[in-house]
Each structure stands twice: as structure tokens, then as C-alpha cells.
Amino acid sequence: MENRILDYACEQFESRNYCEALEAFVLAYMKGYEPEWVIENIYNCYVACNELEFRNAYGKCGAEVSYEDCVLDFMPYKEGEYYIFDKERKQFIGKFLVSELKMVSSEEALNEIEFGAVAEAFHWNLKEEYQLLAAAKDKKVYAVCHEINYISSFYKIPELEEYNKNVKLFQDFSQFQQYFHKNTGVYLPRILSGDLESVKELNEIVEAEHQFRLTPEGRNTDHVLLTIGIPSRNRGNLLLKRLENLRNIKLDAEIEIAISKNGVDFYQEEYDQVNQAQDSRICYYDHHKDLVAPENWHFVVEMAHGKFVLLVSDEDDIILDSLGHYLKLITEYPQASVIRAKSCIFYSRLSERLYAEGTDALKKGFLKQNYLSGLIFHREKFLKQNLLRLEKFREENLYYCLYPHEWWCAILSKKGVYMEEPFLLVQERESVIQEENSKYIEKGVIEEGEHIAKGTSLPAYSTYESRLQQFLGMMEFVRWIADGDKELAFFCVASCISKILFLLLLARDRGYEVSNFMNIVDKFCKMSIEAIREFDFSEEQQVQLLSILKTSAIETYGQEREIFEKEQNAG
């Protein structure tokens, strides 16, 4: 029997049936038939000719174990299949099949957390850890394995290069902790896997290092992905509430909280408490004076370390469980200039991801950015535009005064990429404008009617008169952003007409000067006609815009009639 197996193996090899030959050689070795001759023959015929490829693959992984100290060798069988040979035990221990690994989806493997590395403690045999390897295709994997000479051996397999590049090995838990304690800019793993005792050990280490990173000594801002930027003016009480939520974020090197404090009139003690917070992720700056809003918003981006900056009002909360999704999003779309995130109220209708570039991006996001919370900017692209140069419009353009961020988004979108993401990120809280208005009037900071229209609960910027002035500012904005592009100007003017009519109807629906509504719409139609004529539109474009105006005005009249009838029935 011994001679038959070896003769068969040699015959198959000579006939170039290398797979069948290897099977027979391995069988002969396992049965103890001339093992020394057989294994030497296998190495000479199957390993030696692939040695350079094995060494090249191993050299790319950066393993701490030398190639010669690896315990396992791999005998190429069929494509992507290898017999595994344990040199210490001097025995074959099965096969490694790349095809089986590729059947495991990287999206499904250990993917209960969208953004975050994986840490797992396990025995050495990667052929039983396909799920872990599959996760390494998209995530960083930190593996604690006491038998490191065994597990390092798998770096030899060329087909595993795309997986192995994301795998870092540790011989024990102490080495694992030392790595993260020293390299505080490396993100801590958030997905922990293994047996119960291993997961408990890993979790204790990760939590200890997380707490260390909340101290000044452990803080590293070299690789911040996302800055949560909060511009705050005379609302230290609200800011404290926001921090109660934000300080629960189980992230550290990935994020920061940048606060730019504006105003000196109210809640100064609360601001002092914010400044004294023991959390190194908080970057706090007090201007010790009043700034116009755009300066304060802009400064938040300036002071940030993150590649992207999420602006959020001190009235609103971030949904912490959503941060991982957005961290993953900005790593997948680093080219984005502006991202509009879904919120519970103002942007609750976002239902699908939108991606647009250049002029199309401007159109897709045009007049949609009236609310600051949930805007995410690419910091470098934002600062490159020198957006505060637009302050020259402040004196005479009411639309710029109220919505400078609309201008910012239009510029950034036109020159880059605009996205909308339908994943809930912002929880808007109840507005404090009424309470704030009373405080400002009482202290003499503003006069009655300056923030809220007299005798109403309507913000002054929402009155008919204000909206008409804003329309004039919009037209200046359109001329500036279109810069001679008639097609773009046409789209923008049409959008402005529809937007203002909608806003006028909104004020009417809240009971503002009901008897004057029709007169205001008539006045707006005349203003729109004059504005259309002031642009250098073709005759055809003018006719189309006038038709849009007429249709929109008729629809507005009809909607007002419905509101009126509901009011009568309710009365």
C-alpha cells in the first residue's frame, strides 16, 4: 500500500496533475510512509517555487514575528486553497480555503456598529475565524492571540493581503492596552468579540483607555473626523443641557465638541461651568463680546480640528447612536462639501440619500438650509472660500443678515458636492425665542417688536414685510451666485418665488394680519414681475417665469381660502 500511494503521487506529478499528486503525498505523509522524504519533496515541489510570493505578501503586513519564526507553512493546492503544515508538530492540520472566506459578507460580519474597529481575543487558527477576516476588509481589526507565531503565519497567503492590511496582532492583553495608551490618536475598537471572559477583559481595557483620553494628558487631536460645533449666544443654560447629552458619547479621538461663546448679557455662570467641564474633548472659546451670528458660526469651524464640522444650535440635541453612521458616511464620501443631515422636525422628510455635484448640487440644496442644526461642512473647503467676505452684504441685504448659511451652502455646493442623508441625527427642542425676547426687552438690549412682531408670537423675520424685503435680498443673491448663468438664474428665481409665497402663507396660517394677506400677495406679484424684468432673461424665459408666478399665486389664493374656511368652521 505504501509503494502504491507514493508511486501514484509521483505518477500524477510527472503527468502534471499537481493537485492529485499533492493529495497523495499528503495522504502518504499522514500515514507515515517515508515522511521525511515526502515532506522534503512537497517543500521542493510546491513551496519553494512560491516562496518569493509568500515572502512578499508577508513583508507587506508589518508583522513583528520574523518570517522564519512562523510555525505554519502553506502548500498551494488548487487556486486559493492551501494545505496547512504545522512545522512544530510536524503534521498537516487541514486546508485554508479563500473561496469560503469570500462567501462571508464584510457588511454582515461583526457589523452591529457601523463605525468602529474590532477587537477580539481568540486562538490562532484563522481558518475558523472567517467572520473576523471578512470584517477586516472594511474595518480595522485588533487581534489578541497568545500563539502569535501561529497566527502570524497566515500573513503569508497572498490572497489575504486585502484583509491582513487591516489586522494588527497582539500577543497578550497587556500589549494590546499599551498600544492604545501610547497611540492616543488611534481610534479605540468599539466592537468586541470572543468568549465572555475575553470580551470582559477587552471592555475593561477599552473603557480605561477611553477615560484616559478624556483627560488633557490623553487627548490627541491629530485624527479628529468630526467636530460637533456649537455657536452659543447668551444661552449658557441651554448649552449645559446639550453637554449633559454630548458627554455621554463613547468616542474620543474621533470627535470633539467645539463651543464658541458669544454675548455677555445672560447665563454667564453657566458658561463658566461649561468652561470648567472635565472633558478634554471640549474646546471652549469665549469672545468676551457680542458678535454678529455669522462671525460666531464661522469661528466654530475655524477653531475645529475635525475634517468635517457638524453645526448644531444650543437648543438642539444630537442623537448619539447616529454618530457612528455619520462618521462612516464622511469616511466614505470625503469629497463632500456640504451634508444636510435628517432631523426630527425641520428635515424630517429626507427619505433617501442625495448626491450632487457642481451646479446641480447648488440646485438640489438651494433654499433648503434655513435651519443651522444638522449642517455638516468639509472644514478645509469651507475655510478656503473665505466666506466672511460676504459680510459686505450685511448692511443692505436682509436675506444675508438672516440666512448667511444659505449663501455659504450655495457657494460650497456649486464648487463641490452636496449631499442629503436620511438618517436621523438631530433632535430639535422647543424654541426659547419667546422667553429670550422678554429677557432682552427687560434688560434694554432690544426694543419691543425687534425680535417678535408686536401683539403676535411670530418672529419678526417671519412677517409679511420682512419676507418681501428678504425677496429683494434673494434677487441680489441670485445675481451674485449665478454670475451670468441664465439657466441657473432662471431656476433660482423660480425657486425664490415659490419659497416666498409659501412663507407668506405660513405667516397667514399663524394668524398674522389675516385681512392684509391678499394685498401682500398682490404686492409680491408686482415685485416679482419687476425682478424678472431686471434680469437679462430671454423673452421665452420671462414668459415661463411669469407663468410660474401666476400658477403659484393662484395656488396660494386657493390654499388661503381653505385656511379661511377651516377657521370659520372652527369658530
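Colleague: Let's begin with glutamate 421, in this predicted model. Where in the chain's secondary structure is glutamate 421 found?

Modeller: Glutamate 421 is found in strand 16, which covers residues 417-427.

Colleague: And why is glutamate 421 called buried?

Modeller: Set the value against the cut-off. Glutamate 421 has a relative accessible area of 4%, and buried means under 20%. The value of 4% falls under that limit, so glutamate 421 counts as buried.

Colleague: Which residues is glutamate 421 in contact with, leaving aside its neighbours within four places in sequence?

Modeller: Contact means heavy atoms within 4.5 Å. With those sequence neighbours left aside, the residues in contact with glutamate 421 are His325, Tyr326, Leu329, Ile339, Arg340, Ala341, Lys342, Leu350 and Arg353.

Colleague: Now phenylalanine 170, please. What makes phenylalanine 170 buried?

Modeller: The reasoning follows the steps we just took. Phenylalanine 170 sits in strand 6. Its relative accessible area is 2%, which is under 20%, so phenylalanine 170 is called buried. Leaving aside neighbours within four places in sequence, phenylalanine 170 touches Tyr142, Ala143, Val144, Cys145, Ile148, Gln175, Phe176 and Tyr179.

Colleague: What separation do the C-alpha atoms of phenylalanine 170 and asparagine 516 have?

Modeller: Those two C-alpha atoms are separated by 75 Å, and the residues are 346 apart along the chain.

Colleague: Strand 6 came up just now. Which sheet does it belong to, and in what order do the strands run?

Modeller: Strand 6 is part of an open sheet of four strands, ordered 6-5-4-7, with parallel pairing.

Colleague: Why do strand 6 and strand 7 count as edges?

Modeller: Strand 6 (167-170) and strand 7 (189-193) each have a single partner strand, so one side of each has no neighbour in the sheet. From one strand to the next, the twist averages 20°.

Colleague: How do you know that strand 4 and strand 7 pair?

Modeller: Count the bridges. Two strands pair if there are at least two bridges between them. Strand 4 (residues 117-121) and strand 7 have four, in the parallel sense, so they pass the test. As one example, alanine 117 has proline 189 of strand 7 as its bridge partner.

Colleague: Which helix lies across strand 4, strand 5 and strand 7?

Modeller: Helix 10 (residues 196-213) does, and it runs at about 165° to strand 7.

Colleague: What about the sheet with the order 1-2-3: parallel or antiparallel?

Modeller: That open sheet of three strands has antiparallel pairing. Strand 1 (72-76) and strand 3 (91-97) are its edges, because each has a single partner strand. Its twist averages 30° from one strand to the next.

Colleague: What makes strand 2 and strand 3 a pair?

Modeller: Strand 2 (residues 81-86) is joined to strand 3 by five bridges. At least two are needed, so the two strands pair. In one of these links, phenylalanine 85 is partnered by phenylalanine 92 of strand 3. Helix 3 (residues 35-47) lies across strand 1, strand 2 and strand 3, at about 65° to strand 1.

Colleague: On to the helices. How do you know whether helix 20 and helix 22 are roughly parallel or antiparallel?

Modeller: Look at the angle. Helix 20 (residues 464-482) and helix 22 (residues 517-534) pack at about 15°, with axes 11 Å apart. Angles under 35 degrees count as roughly parallel, so that is the name for this pair. Helix 20 passes helix 22 in a right-handed crossing. By class, their contact has 10 nonpolar, one polar and three charged residues.

Colleague: Why do helix 20 and helix 21 get their label, then?

Modeller: Helix 20 and helix 21 (residues 486-509) pack at about 165°, and their axes are 10 Å apart. An angle over 145 counts as roughly antiparallel, so this pair is roughly antiparallel. The crossing of helix 20 past helix 21 is right-handed. Among the residues making the contact are Phe471 and Met475 of helix 20 and Cys492 and Leu503 of helix 21. Sorted by class, the contact has 17 nonpolar, no polar and three charged residues.

Notes:
Residues numbered from 1 in each chain as written. Predicted model: local features only at pLDDT ≥ 70, side-chain atom pairs only at ≥ 80, totals over all residues. Heavy atoms only, no water. Axes fitted to C-alpha atoms, helices over the stretch in contact; angles between N-to-C directions. Parallel < 35°, antiparallel > 145°, perpendicular 65-115°, else oblique. Left-handed = near helix turned anticlockwise from the far one by under 90°. Nonpolar A, V, L, I, M, F, W, Y, C, P; charged D, E, K, R; others polar. Buried < 20%, exposed > 50% of the residue type's maximum accessible area, 1.4 Å probe, protein only.
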